Amino acid sequence: MGATEPVDERETGGVEAREENDKKEEEEVKDVEKGEVGFQEELVGSNNHGDFHLSRVQRLNPTNPLRIVINSATRVGTPSPSQLSQPSQPAQSRSTPTPQPSLTTLNSRAYTNRISLVLFLVHMVVVVGLVGFLAFKGIQGLIVASESVKRKEKHVLMHYLPQVEAASLLSISLAFAWQKAVREWPRFMVRFILWSSFLLSLSAGILLICFQKPPTDGLGVCFIAFAVGNGLYACWITQRIGFCCKVLVKSLEPVSKFPGLNEPIYWMLGAGFMWMSLWIFAVVGALNFYFPPLIIIALVLSLVWTAEVMRNVANLTVSRVIALYYLRGMQSNIQFCFQRALTQNLGSACLGSLFVPAIEALRIVARTLNLLEGEDEFMFCCAHCCLRVMESIFRNGNGWAYVQIAAYGKGFVKASQDTWELFKKQEMEAIVDSDINSSICFLTGVCSGSICVIVIAAWTAKVHQTYTATVSLLAFFIGYLMTRISMAVPHACVSCYYVCYAENPENRLYDKIIKDRLNLIKAGRDAVVPTPRVPHQFAAR
């Protein structure tokens, strides 16, 4: 391309090249969602020529539009005779083409929250080594130890292993049963889960107290106290059930378009079952090692964190599939999304698994404190301080962040902040604060845990009543954690519905459920119960 060519032809060629590049990028993003590899290399190789044209157009000299900088060399274009005959115009009249804002990338290759990822991987290496060593100690005690130690370990193994394996299999069956029922009959299941969790936890508590042992009595009192709080909560949220059912029904509609959406759930539950089978051998081996209580507590905490990471990996997979369907109308490859959740986004899943449960617990405490009335100045000063801290934490870390983590590859904190800003922009804070779908998923896990407690406690009390409290508590955790992994599908669908609506409210896929709700709230004809930001006593002052 010589210097004597008119500048107008260069500008036209650059604009056409840019349009071709934009179309090619959109096609390649779609190809990537089908599982193709080599995206970055192909993009660079195919766009060199177009980028060269575009850079020449974008680097016009602002003081002299005919002066173009190419590869650090300056060339001056010769104007055509028609241009010379025209009167000179100010330089500002010739507007240089401005690049169009590109869409936020949907195929970020960066690993999110790398510190959390490294910490989790180190934790897994340590725990796998510890589990292997303790399992070896348990087997060694069964083979080469003294007769008294052998009898003790055989006794523990006989009355721990069968119950734990049975609890794992029962919880997997319950997990798929609950998820299937929620997907088929969402309106009925919301109310059924609310009151089933109350009845089942109350029944488990009464059964444990009937054994008349101090450990089972203490555990039974905890279950009964939870059942009372659960019943009060079910009565308190009665007015919100209708809207919750509407959102749940609408958000589950895209699931039918992706028949293999449960594949990540199968993998996570299978991995969880295998890990718990090895984990129980480590618990048996810890009984013959130093400081058994501390080691067992450490193993339980590791199990909870690992199970939460598994749940959030499934959450990220489903969130990416559903979010890209809402935002771009794309039919994503589920295996590719699952692979991405296990690699690029695993660090965010690890970080969120540590903090989101604690943040949700703070929300419950905040609502409880807001309902308290009294004149104790010190108590409300403490409440005010706690609520301010909770507000800051919730803005920088919340469960809604997984949608933007999955869709755009953002870090956990950045995704939390951006998501909350979207909610504020659309004035949706009151709606998302009063959402009960996450509570429904939590109570579904409580239902499975309580069923496991009833079955396993009755079995253990029949064969060896001394272990009833310990095995019952373990069975509850297994039932709860397995079911929460399965309920990641409806939970992720609801989260995508809210977050994607906040990003593009005009999309026809969302219906008018949220818009009508917002209009009712603004008109004062609908009441919501948001997470309190300031206690009543301070708000009145």
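Helices (H or I, at least four residues) and strands (E, at least two) are taken as DSSP runs and numbered from the N terminus. The model is predicted, with local features requiring pLDDT of at least 70, side-chain atom pairs counting only at pLDDT 80 or more, and totals for chains, interfaces and linings using all residues. Residues are numbered from 1 along each chain as its sequence is written, and side-chain values use heavy atoms, with hydrogens and water left out.

**Exercise 1. Place Ala225 in its helix, and state how far its C-alpha is from that of Ser201.**

Step 1: Ala225 belongs to helix α7, which covers residues 214-236. Step 2: buried means under 20% relative accessible area, exposed over 50%, and partly exposed in between (1.4 Å probe, protein chains only); Ala225, at 49% relative accessibility, is therefore partly exposed. Step 3: although Ala225 and Ser201 are separated by 24 residues in sequence, their C-alpha atoms are 9.2 Å apart in space.

**Exercise 2. Determine which residues make the nonpolar surface patch of about 260 Å².**

Step 1: patches are made of residues with over 30% relative accessible area and no salt bridge, like charges being joined within 9 Å and nonpolar side chains (Val, Leu, Ile, Met, Phe, Trp, Tyr) within 5 Å. Accessible areas come from the Shrake-Rupley method with a 1.4 Å probe, and for residues only the protein chains shown count as cover. Step 2: the patch is made by Val118, Val122 and Val126. Step 3: Val122 sits in helix α4 (residues 114-143), and its relative accessible area of 46% makes Val122 partly exposed.

**Exercise 3. Describe helix α19 and the lining of the largest cavity.**

Step 1: helix α19 (residues 488-503) has 16 residues and reaches 22 Å from its first C-alpha to its last, close to the 22 Å expected at 1.5 Å a residue, where the expected span is 1.5 Å times one less than the number of residues. Step 2: because 15 of the 16 residues of α19 are buried, the helix is largely enclosed by the rest of the structure. Step 3: a cavity is a set of points, on a 1 Å grid over the protein atoms alone, where a 1.4 Å probe fits but cannot get out, and lining residues have an atom within 4 Å of a point. Grid points are joined across faces, edges and corners, and a volume is the space filled by probe spheres set on the points. Step 4: there are 8 cavities of 30 Å³ or more, and the largest cavity holds about 60 Å³. Its lining includes Asn437, Ser438, Pro490 and His491. The elements giving two or more residues to this lining are α17 (437-463) and α19, with α17 giving the most, 4 residues.

**Exercise 4. Analyse the salt bridges of Arg311 with Glu308 and of Lys522 with Glu427.**

Step 1: a salt bridge is a side-chain nitrogen of Lys or Arg within 4 Å of a carboxyl oxygen of Asp or Glu, and the structure holds 6 of them. Step 2: the Arg311 and Glu308 side chains meet at 2.8 Å, N to O; both residues lie in helix α10 (residues 292-328), 3 residues apart, about one turn of the helix, and both are buried. Step 3: the Lys522 and Glu427 side chains meet at 3.0 Å, N to O. Since Lys522 lies in helix α20 (residues 513-522) and Glu427 in the loop between α15 (412-425) and α16 (429-433), this pair ties together parts that are 95 residues apart in sequence. Lys522 is exposed at 57% relative accessibility, whereas Glu427, with a relative accessible area of 45%, is partly exposed.

Terms used: 1 Å grid on protein atoms, 1.4 Å probe; cavity = no way out; pocket = protein on both sides within 12 Å on 5 of 7 lines; lining within 4 Å.
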